[in-house]
Amino acid sequence: MKYTLPIGPIHPALKEPILFEFELNGERIANVDVKLGHVHRGIEWAGMRRNPVQILYLAERICGICSVSHPFAFSMAVENAAGIEVPERAEYIRVIMAELERIHSHILWAGVAAHEIGFDTVLYLTWRVREKVMDVIEYLTGNRVNKAIYMIGGVRRDITKEQIPKVREAMDYYKGLFNKLAKVFLHDKTIKMRTEHVGILTREDALKTCAVGPTTRASGVPKDVRQDYAYSAYADLNIKAVTPDIYRKEVVGDVYDRIIVRLFEVKQSIQIIEECIENMPGGEIVSEPKIPKLLATLKKAVGEGIGRHEAPRGEVFHYVKLDGKEAPYTWKARAPTYNNVLAWIPMLKGEQIADIPIVAASTDPCISCTNRVSVIKGSNKYTLTKEELHKLSVEKTKRRMRNGIL
Amino acid sequence: MEYYELLFRVIILPILALGFGVLFGLTFKGIDRKLAAHMQARVGPPIRQPFRDVAKLFTKENIIPENSIPWLFSVMPILCLVSAVSVLLYTPIGSFEPILSGYGDLIVVLYLLALPAICLVIGGFASGSPYATVGAQREMVMMLSYEFPLAVAIISIVWKLSLVYPGENVFSLGFIMSHPVWNTVGFSGFIGCVIILFVLCATMPITLAKIPFDIPEAETEIAGGLLVEYSGKNLGLFYLADAVKTVAFASVVAALFFPYGIACYFDVSTTGGYVIDFIFFLVKLFVVIFIGLTFIRVAVARIKIDQVAHIYWMLMTIIGLVGLALIIIDSTGVIS
């Protein structure tokens, strides 16, 4: 007996609106369709009416968790377009901030994942230990979530000598905690029962669906922007992508592997932060401290730039085109979840209803960051086929060529 | 029987049982929530929170979905509560005899314990939501899984008693209460009884559908499953039924394994003895609920329905049968 079960757009398992349409055979999933577009906010549209420094703060609000990753990628894109050099000390501070974010994001994810499998005790445990890193972030930047520390050409706040002991203390706290967390997540019987051989994404599927971040690394693909296209201070640090074979004999690509990858990435982030604190050079923290002067430079700049950063969920990509006006001509942001949407389909097929929440959560999705388009045409036409999209694209190119833009 | 005695037995005592079940069921629920919260490093709600919840639910609008079967949908919550209360009529409370002692025995209790779950299943199917249907299917699979180990556990105890006291009505809970099984067994029988107790405690969270077996409700998976369409008064009745069922199940466990009273150790009048035994009974219930529900609930994750079927059909049944075998060895003297 086959029947369909819609999960979403509003469902207790989903923290953000997205629609899964499942075709079920008893408890087994025969087929799944994913529909996005419920929380399109038009951030890029709003950004193209503002100057790059204003966009920086808008970019910070694309995602509630990656509030460092998006400004990081955006400022790199603008610096790339305008040819601005970032002082070395600022690069190190940027990396420290990005890694602090990774720690808090991965621990947050662990709690959410535990909640999805009904293990609320672990949710409370992990979110309690997460407070330490949040405190450090607040101590360094003045804010817990929207840190507003990035600036085009550097950062806005220095990490002083007096602040370093507190950061070190927090890192020691997490190092001491690592074994405890590993015991909870990797040895607990019920967690193993729920995550081992569940939601398998094979290496081939991971490559085919262009998955990014821990999702693809857990399938044994050593893809990490910090390693492959070392940028910022990561270039000095010799980073290796974490794959599950660090702990497990063979890579399966299941949810358990994704737990392993995230857990060991927390460990890696701690090492990175410690190394950065150790080797942080002196000097300026921003290339142009006077904002009006910076804006004047950006206004004159013409060119395109890209910024790529390995966010906690995978590669975040920003594209900026400056055309000598106050606002950029184009700003395009691509959040990592966008790449991981297709990876859900091979993961979910053949699994049970009970696995849906944990498998969906295992990519650490961030739906509102992903939503870049929402098609409302007529009353209820919702989906566009590949051919229709191609037609639209051809039409747009022709129109722009006629208007002399291209 | 005089008609006023009949009246007393049929109307007054069941109402008292309902009052007892609701009052202490909700209190234990509150204690359970508070203790679970403390174990999870939270403050938790005040102990009277379940009372407030029920009071609020009874004032809320009672929505009956369009594509449900309305009469079935509305009758099931009442039936669920009634069947949960009727278990209490057969279980000894404190040192009082069961209200309906002589009119039914442990086998009836076994069926009555299954009835609330059946009501939930029917209510779920009647509500016409895919989530509720999935939840109802899961509840049915769970019932099939735990009935056998539960039956093995209960039958083992009764079988042992029937061997020691031939010719008595050993299936009556009153009788089991006054003849503790622990006094009748030797060493291997003792081990067997401990194993049976373990099996019975392990069937407690699954009978009451609590984590790790809250599969039919599974908030994050099927949005509340069976109860997804229930609201207002109906949901409140299910909530009460759950609370009463918890007390009822715990009192069955207490009657089977911890039938002792402590009043004889105090130099008090008969009334005082009843009070002391009643308080002691509450303590026993608390211990059973704490071990069987609260402790397990905070220590594990929710498991999947196929895993439940596997664990209970295979593992728990085997453990139960090992316990039974030990009791048999003990009584037939194969080893000693």
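Begin by selecting E44(A) and K332(A), which form a salt bridge whose closest N and O atoms are 3.8 Å apart. Because E44(A) belongs to helix α1 (residues 43-47) of chain A and K332(A) to strand β8 (residues 330-334) of chain A, this pair ties together parts that are 288 residues apart in sequence. With the surface switched on, E44(A) should be looked for among the buried residues, its relative accessible area being 11%, while K332(A) is partly exposed at 36%. Please keep in mind throughout the tour that this is a predicted model.

**Salt bridges around R248(A)**

Next, select R248(A) together with E196(A) and D257(A). The salt bridge between E196(A) and R248(A) has its closest N and O atoms 3.5 Å apart, and it links distant parts of the chain, with E196(A) in the loop between α7 and α8 of chain A and R248(A) in the loop between α10 and α11 of chain A, 52 residues apart. R248(A) also forms a salt bridge with D257(A), and there the closest N and O atoms are 2.8 Å apart.

Which of these residues are buried? R248(A) is buried, and D257(A) is buried as well. For R248(A) the relative accessibility is 13%, and therefore this arginine falls in the buried class, for which the limit is under 20%. E196(A), by contrast, is partly exposed, with a relative accessible area of 28%.

**A network of salt bridges**

Now widen the selection to E99(A), R102(A), R217(A), D224(A), R226(A), E265(A) and E310(A), which are linked to one another in a network of salt bridges. As a general point, side chains of opposite charge can pair when their charged atoms come close. If you list every such contact in the whole structure, the search finds 29 salt bridges over all chains.

**Two residues with positive phi**

Return to the loop between α7 (189-195) and α8 (203-208) of chain A, and select H197(A), which is placed there. The phi angle of H197(A) is near 55°, a positive value in a residue other than glycine. H197(A) is exposed, with a relative accessible area of 51%.

Then move to S232(A), in the loop between α10 (225-228) and α11 (255-279) of chain A. Here too phi is positive in a residue other than glycine, the value for S232(A) being near 50°. Is S232(A) buried or exposed? At 17% relative accessibility, S232(A) counts as buried.

**A strand pair and its hairpin**

Switch to a cartoon view and select residues 302-311 and 314-323 of chain A, which are strands β6 and β7, paired in the antiparallel sense over ten bridges. Two residues make up the hairpin that joins β6(A) to β7(A). To follow one bridge by eye, select G303(A) and look across to β7(A), where its bridge partner is L322(A).

**Surface patches on the two chains**

With the surface shown again, select K396(A), K398(A), R399(A) and R402(A), which form a positive surface patch. One member of this patch, K398(A), lies in helix α17 (residues 386-402) of chain A, and at 53% relative accessibility K398(A) counts as exposed.

For a patch of another character, go to chain B and select L6(B), L7(B), F8(B), V10(B), I11(B), I12(B), I15(B) and L16(B), which form a nonpolar patch on the surface with about 740 Å² of accessible area together. Among them, I11(B) lies in helix α1 (residues 3-39) of chain B, and I11(B) is partly exposed, with a relative accessible area of 41%.

**Two distances to draw**

To finish, draw two C-alpha distances in the viewer. Select L389(A), which is found in helix α17 of chain A and counts as partly exposed at 46% relative accessibility. From L389(A) to M76(A) the C-alpha separation is 30 Å, and the two residues are 313 residues apart in sequence.

The last stop is R41(A), in the loop between β3 (28-35) and α1 of chain A, where this arginine is partly exposed with a relative accessible area of 40%. How far apart in space are the C-alpha atoms of R41(A) and D355(A)? They are separated by 30 Å, with the two positions 314 residues apart along the chain when counted as a sequence separation.

Methods:
Residues numbered from 1 in each chain as written. Chains lettered and ligands numbered in written order. Predicted model: local features only at pLDDT ≥ 70, side-chain atom pairs only at ≥ 80, totals over all residues. Heavy atoms only, no water. Patch = residues over 30% accessible without salt bridge, like charges linked within 9 Å, V, L, I, M, F, W, Y side chains within 5 Å. Areas by Shrake-Rupley, 256 points an atom, 1.4 Å probe, with all protein chains shown as cover. Salt bridge = Lys/Arg side-chain N within 4 Å of Asp/Glu carboxyl O. Lys, Arg positive; Asp, Glu negative; His and termini not counted. Charge placed at Lys NZ, Arg CZ, Asp CG, Glu CD. Helix = DSSP H or I, 4+ residues; strand = E, 2+ residues; numbered from the N terminus. Buried < 20%, exposed > 50% of the residue type's maximum accessible area, 1.4 Å probe, protein only. Pairing = 2+ DSSP bridges.
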